[in-house]
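The following paragraphs offer a guided reading of a single protein chain. The reader is invited to keep the sequence and the coordinates in view throughout.

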Amino acid sequence: MTSLVTQAQEADAPSFGKGIFNLVGKDSTWSMKIGARMQLLSIASWNEGADGGLINPEQSFLVRRARLKFDGFAYSPKLKYKIELGLSNRDISGASTFTGDAPRYILDAVVMWNFHENFELWFGQTKLPGNIERVISSGNLQQVDRSLLNSRFTIDRDVGFQLRHHFNLTEKFLIREKLAFSQGEGRNVVSGNLGGHQYTARVELLPFGLFASNGEYTGSDQDREEKPKLMLAATYDTNQNAVKNRSNQGSYMVNDIGFFETDINIVFLDAMFKYRGFSLMGEYAHRTATDPIAKNADGTLTGDLVEVGDGLNLQTGYLFKTNWEVSGRFTNIKLNKDITGRNPQKQYTLGLSKYIVGHKLKVQTDLSYLSENAGRDELMYRLQVDVHF
């Protein structure tokens, strides 16, 4: 027993939340950090009845996310890589003929080459530079999960190239530019390009300099910024001849000659502010399409529609020194009713989080009220445990 304990104490393992293994080649030509995480979720929801009371209670437990992560550099620190695999049912769902009838295990598989000064070229499958809430890792969220704006408007992941660059306008004022050219079909698609291609451009302004620990892409002010930090950003995305009803997301618009194709454009405006435990995040999304109503070759309707419209998401929170945090979120979704037939929705969410080891070990809970014009309201309660090695 003494021998086993001694060996365990002498094992050169990282501290909690810093990866399971951090490996570096003997000749320092490669490195790999191996990590794992899981999110265990419980949900309870109630719908509004005809008399205004709550009916149809539903409750479920699920492994919301279970993932393996690998990242490091190959040959030179200027050539980095990232691989992330999803293992939960929600992570791998969506198998179809377009994915070779295979589960969608791969979330990220990308190489990042810093080929000249502040220029970096990415190649592979990863998140596009879209709305801030999507780019924030699901393990670093301020509340249990992302908002309705993200689920309706995100451009998520795709396969292609990205060019990234940054420069300082003044000593503190940082500007970052991100360009992407991608297939336009979403992740794990192996059938090739079905419509046109997708083009994404994003610019980020950080007038007060960098956030601590990349905090502009982390929920809550974990570092309790000593000075105000702000990021303002805008993204424009166009998917030429898109064949899905939400750009590279959603369902395929099948017609009698194959697929209905239309140009789909999305604009995102977002901001992140942090100061001494207080955080504020805002997002606006606007989607348009050249022709949002899918048709057959003879002009008859297929029944598919592009989800055009607007979304607004505002979220704020305060992290106490005890590492308890209260947060609130307001989301307004207003799709074009004349086209989609959907009523406007508003969701109000109140969250409570306890960070035991930052985002690496935390317990989060929230209560959401969803109100829909001329529709049935809904109440939802969630409780989640997040463990990240």
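Strand β22, residues 361-372, runs antiparallel to strand β23, and 10 bridges join the two. Within this pairing, Ser368 of the one strand stands opposite Met380 in β23. The two strands form a hairpin with five residues between them, and Ala374, located in the turn, has a positive phi of about 55°. These features, like every feature described below, belong to a predicted model.

Strand β23, residues 378-388, has a further partner in strand β2, which covers residues 31-48. This pairing is likewise antiparallel and comprises 11 bridges. Leu41 may serve as a point of orientation here, as it stands opposite Gln384 in β23. Strand β23 is thus bridged both to β22 and to β2. A general remark applies when such strands are inspected: in a regular strand the side chains alternate between the two faces of the sheet.

A second set of paired strands can be followed from β4, which comprises residues 76-86. Seven bridges join β4 to strand β5, residues 106-116, in an antiparallel arrangement. The bridge partner of Lys82 in β5 is Val110. Strand β5 in turn runs antiparallel to strand β6, residues 119-127, through six bridges, and Met112 stands opposite Trp122 in β6. Strands β5 and β6 form a hairpin with two residues between the strands, in which Glu117 takes a positive phi near 45°.

Ser76 is found in strand β4. Is this residue buried or exposed? Ser76 is classed as partly exposed because its relative accessible area is 21%, and the buried class requires a value under 20%. Ser76 also gives a sense of distance within the chain: Asn296 is 220 residues away from it in sequence and 52 Å away in space, taken from C-alpha to C-alpha.

A third set of strands involves β7, β8 and β9. Strand β7, residues 157-168, and strand β8, residues 174-182, pair in the antiparallel sense over nine bridges. Leu163 has Leu179 in β8 as its bridge partner, and the two strands form a hairpin with five residues between them. Strand β8 also pairs with β9 in the antiparallel sense, over nine bridges. In that second pairing, Arg176 is matched with Glu204 in β9.

The path then leads into the loop between β9, residues 198-206, and β10, residues 229-242, where Ser220 lies. Although Ser220 is not a glycine, it has a positive phi of about 70°. What is the surrounding of this residue, and which residues does Ser220 touch? Leaving aside residues up to four places away in sequence, Ser220 touches Gln142, Lys274, Ser279, Glu325, Tyr355 and His359. Ser220 is counted as buried because its relative accessible area is 2%, whereas the limit for that class is under 20%. Val326 lies 106 residues from Ser220 in sequence, yet the two C-alpha atoms are 9.7 Å apart in space.

The loop between β9 and β10 also contains Arg224. This residue, too, has a positive phi without being a glycine, in this case of about 45°. Arg224 has a relative accessible area of 24% and is therefore partly exposed, while Ser220 in that loop is buried.

The chain may now be considered as a whole. Its secondary structure amounts to five helices and 23 strands. The chain has a radius of gyration of 22 Å, which agrees with the value near 21 Å that a compact globule of 389 residues would have. Along the principal axes, the C-alpha trace spans about 75 × 50 × 50 Å. Among contacts with a separation of 6 or more, 60% are between residues 24 or more positions apart.

With respect to burial, 46% of the 389 residues count as buried. The chain exposes about 18,900 Å², and carbon and sulfur atoms supply 60% of this area. The charged side chains comprise 44 positive and 44 negative ones, and the centres of the two sets lie 5 Å apart.

Technical notes: Residues numbered from 1 in each chain as written. Predicted model: local features only at pLDDT ≥ 70, side-chain atom pairs only at ≥ 80, totals over all residues. Heavy atoms only, no water. Helix = DSSP H or I, 4+ residues; strand = E, 2+ residues; numbered from the N terminus. Rg over C-alpha atoms; globule rule 2.2 N^0.38 Å. Buried < 20%, exposed > 50% of the residue type's maximum accessible area, 1.4 Å probe, protein only. Contact = heavy atoms within 4.5 Å. Areas by Shrake-Rupley, 256 points an atom, 1.4 Å probe, with all protein chains shown as cover. Lys, Arg positive; Asp, Glu negative; His and termini not counted. Charge placed at Lys NZ, Arg CZ, Asp CG, Glu CD. Pairing = 2+ DSSP bridges.
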